[in-house]
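Me: I'd like to talk through the aromatic rings in this model with you. Could you take my questions one by one?

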Amino acid sequence: MIRALAVFLLLGVSSAQASEALWALLKGGGQVVLIRHTITTPGVGDPPGFRLDDCATQRNLSAAGREQALRMGKEFRRRGIPVGEVLASPWCRCIDTANLAFGGSRPWPPLSNLFARQAEAEAQVRGMRPRIAAHRGKANLVLVSHGSTALALTGENPAMGEVVVLSPAGTGFRVAGRLSVP
C-alpha cells in the first residue's frame, strides 16, 4: 500500500485521491487506526500535579475537540469503516476522543502519554508492537493516543485529530499513510 501511495503521488495524483486510497484500505478492515486525540484546550502537556483518576486536573478536549471527535466517528460510519476494538491512553482527552467518536473504549497503558516521560518510550513501544503486528480480521483496531506516543512508535508526528494508518506486516507494521478527517 505504501508503494501504491508513493506511485500515486509520483504520478501527480492529488492528496485527495491518496486519502481515498487510505479510506478504501480501511474499508477492507484488518488495519490499525492510530489517532492522536482531538483538539484540546491551549497548552502543552498537563498541569503540575495532574492525576489520571481526575480529569479536572488534566488538559482536556476543547469544545472544538469534542466536535472534531464526533465528526470523526460520523465520517467512519458514513464510509462504512469497520471498527472493532477501541483502545485509548488512560488520559481523559484520549478516552473522551475515543468515546465520542466510537461510542466506547478500553484504557490501554502502552498508549500513555510520553510527553515529559521519554524514559518510558522503549517499554511502551515494546508493548504496542506485538499487538499491532498480530491484528487480523475484518474490523480495524483503533488506538487513541498522543503525538509523543505516535512519534515514538511510528516516527510520524500527527496533528490533533489526525489518523495514522498502520498495516500489520509479519512481526511488525508499516505506515500506510495519514488521514485528516474533514
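**Aromatic pairs and overall fold**

Me: How many aromatic pairs does a search of the whole structure find?
Reply: Happy to help! Rings of Phe, Tyr and Trp (its six-membered ring) pair if their centres lie within 6.5 Å; planes under 30 degrees apart count as stacked, over 60 as edge-to-face and the rest as tilted. By that rule, the search of the whole structure gives 3 aromatic pairs.

This is a predicted model, where local features need pLDDT of at least 70 and side-chain atom pairs count only at pLDDT 80 or more, while totals for chains, interfaces and linings use all residues. Residues are numbered from 1 along each chain as its sequence is written, and side-chain values use heavy atoms, leaving out hydrogens and water.

Me: Is the pair of Trp23 and Phe76 stacked or edge-to-face?
Reply: The ring centres of Trp23 and Phe76 are 5.4 Å apart. Their planes meet at 80°, which makes the pair edge-to-face.

Me: How many residues apart in sequence are the parts that this pair ties together?
Reply: Helices here are DSSP runs (H or I, at least four residues), as are strands (E, at least two), numbered from the N terminus. Trp23 belongs to helix H2 (residues 15-27) and Phe76 to helix H3 (residues 63-78), so the parts tied together are 53 residues apart.

Me: Is Phe76 buried or exposed?
Reply: Buried means under 20% relative accessible area, exposed over 50% and partly exposed in between (1.4 Å probe, protein chains only). Phe76 has 2% relative accessibility, and its partner Trp23 has 4%. Phe76 therefore counts as buried.

Me: What kind of pair do Phe50 and Trp91 form?
Reply: The centres of the Phe50 and Trp91 rings are 5.8 Å apart. Because their planes stand at 40°, the pair is tilted.

Me: Which loop holds Trp91?
Reply: Phe50 sits in the loop between strand S1 (32-36) and H3, 41 residues away from Trp91. Trp91 itself is in the loop between strand S2 (83-88) and helix H4 (92-102).

Me: Is Phe50 buried or partly exposed?
Reply: Trp91 has a relative accessible area of 4% and is buried. Phe50 has 28%, so Phe50 is partly exposed.

Me: Which residues do ring pairs link into a cluster?
Reply: Two of the members, Trp23 and Phe76, are the edge-to-face pair from above. With Phe102 included, the cluster is Trp23, Phe76 and Phe102.

Me: How many helices and strands does the protein have?
Reply: Along the sequence, the pattern reads α-α-β-α-β-α-β-α-β-α-β-β. The count is 6 helices and 6 strands.
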